[in-house]
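Dear colleague,

I am handing over the structure that I promised to pass on to you. Please look through it alongside the notes below, and write back if anything is unclear.

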Amino acid sequence: MFSLAVFAFSAASAQAAISCSVKSSCGSGEVNVLELSGTTNAHAALPGAGYPYAVCCSGANGLSTSCSQNKVFVKLSGADNAHARLSTESDYPGSNNACLSVSNGTLTLSNQENNCNGFDTTIISLVKIPTNSHVGDGSAYPNKICAKYNAPSSSGGGGWLPDWLRGGGGLQNNSDLGSQIQENP
């Protein structure tokens with residue numbers, strides 16, 4: 001009985017993670033969120049520009065490049081052959097923003113120096129901040145653009161939990177299935 005309760009608790013509180021990497025093309029189940037002219041000292045482009053490298057992300061429910069919820073992770077000086085600036089800076093003319101969105105759960109984006117500790121993944125890195133930067137893969141430069149995804153918690157549809165596990169055990173009924181962005185927490 002105890003092992004069943006532990007299994008039910010771990011299944012109900014499991015979290016998904018987002019993962020991003022730079023490669024020559026995205027595989028099945030991955031979303032191309034940005035394109036790069038190289039893995040270091042690169043210019044960036046919005047998806048579909050035909051650059052030799054893609055930033056491929058996966059692992060989040062309904063992951064897309066939609067900017068409809070203002071989930072900008074980096075701002076570009078153009079749709080292609082672009083320099084980049086932090087999402088906290090004003091838009092370049094033309095608003096060529098690279099975005100990430102999720103259909104369910106919580107997406108947190110931030111920029112950090114040296115690592116993405118506390119986040120699931122490094123999307124890209126910037127040569128310099130806050131603006132007019134070349135870009136690289138996640139390991140190229142110390143200025144990191146980070147992402148973390150928390151799947152929505154289940155609230156009753158996934159199986160029975162004893163009262164002693166539900167109350168005070170860290171489980172919460174999270175009815176907010178929307179997305180959010182948190183920059184520079």
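The notes that follow go from the overall chain to its disulfides, then to its salt bridges and one further contact.

Please keep in mind throughout that this is a predicted model. The chain has 2 helices and 11 strands, and from the N terminus on these elements run α-β-β-β-β-β-β-β-β-β-β-β-α. Of the 185 residues in the chain, buried ones make up 38%, while the area that the chain exposes comes to about 9,100 Å², with carbon and sulfur atoms supplying 48% of it. If one takes the contacts between residues at least 6 apart in sequence, 67% of them join residues at least 24 apart.

Turning to the cysteines, the structure holds 4 disulfides, and, with bonded cysteines counted along the chain, their pattern is 1-4, 2-3, 5-6, 7-8. I describe three of these links here, including their geometry and surroundings.

Cysteine 20 is joined to cysteine 57 by a disulfide with an S to S distance of 2.0 Å. Because the torsion about this S-S bond is about 110°, the disulfide of cysteine 20 and cysteine 57 is right-handed. Cysteine 20 belongs to strand E1 (residues 19-23) and cysteine 57 to strand E4 (residues 53-58), so the pair ties together parts that are 37 residues apart in sequence. Both cysteine 20 and cysteine 57 are buried.

Strand E4 also contributes cysteine 56, which forms a disulfide with cysteine 26, the sulfur atoms being 2.1 Å apart. Here the torsion about the S-S bond is about -90°, so the disulfide of cysteine 26 and cysteine 56 is left-handed. Cysteine 26 lies in the loop between E1 and strand E2 (31-36), so that this pair ties together parts that are 30 residues apart in sequence. How do the two partners compare in burial: cysteine 26 is partly exposed, at 26% relative accessibility, whereas cysteine 56 is buried, at 1%.

In the disulfide of cysteine 67 and cysteine 99, the sulfur atoms are 1.8 Å apart, and with 95° about the S-S bond this link is right-handed. The pair links distant parts of the chain, with cysteine 67 in the loop between E4 and E5 and cysteine 99 in strand E7, 32 residues apart. Cysteine 67 is partly exposed, with a relative accessible area of 37%, while cysteine 99 is buried, with a relative accessible area of 1%.

As for charged side chains, the structure holds 2 salt bridges. One of them is formed by lysine 23 and glutamate 30, whose closest N and O atoms are 2.8 Å apart; lysine 23 is partly exposed at 30% relative accessibility, and glutamate 30 is partly exposed at 22%. Aspartate 91 and lysine 75 also meet in a salt bridge, at 2.9 Å from N to O. That pair links distant parts of the chain, since aspartate 91 lies in the loop between strand E6 (84-86) and strand E7 (96-99) and lysine 75 in strand E5 (residues 72-76), 16 residues apart. Aspartate 91 is partly exposed, at 33% relative accessibility, but lysine 75 counts as buried because its relative accessibility is 9%, under the 20% cut-off.

Lastly, proline 152 lies in the loop between strand E11 (143-150) and helix H2 (163-166) and is partly exposed, at 24% relative accessibility. Proline 152 and glycine 105 are 47 residues apart in sequence, yet their C-alpha atoms are 4.4 Å apart in space.

With best regards

Technical notes:
Residues numbered from 1 in each chain as written. Predicted model: local features only at pLDDT ≥ 70, side-chain atom pairs only at ≥ 80, totals over all residues. Heavy atoms only, no water. Helix = DSSP H or I, 4+ residues; strand = E, 2+ residues; numbered from the N terminus. Buried < 20%, exposed > 50% of the residue type's maximum accessible area, 1.4 Å probe, protein only. Salt bridge = Lys/Arg side-chain N within 4 Å of Asp/Glu carboxyl O. Contact = heavy atoms within 4.5 Å. Areas by Shrake-Rupley, 256 points an atom, 1.4 Å probe, with all protein chains shown as cover. Disulfide = S-S within 2.5 Å.
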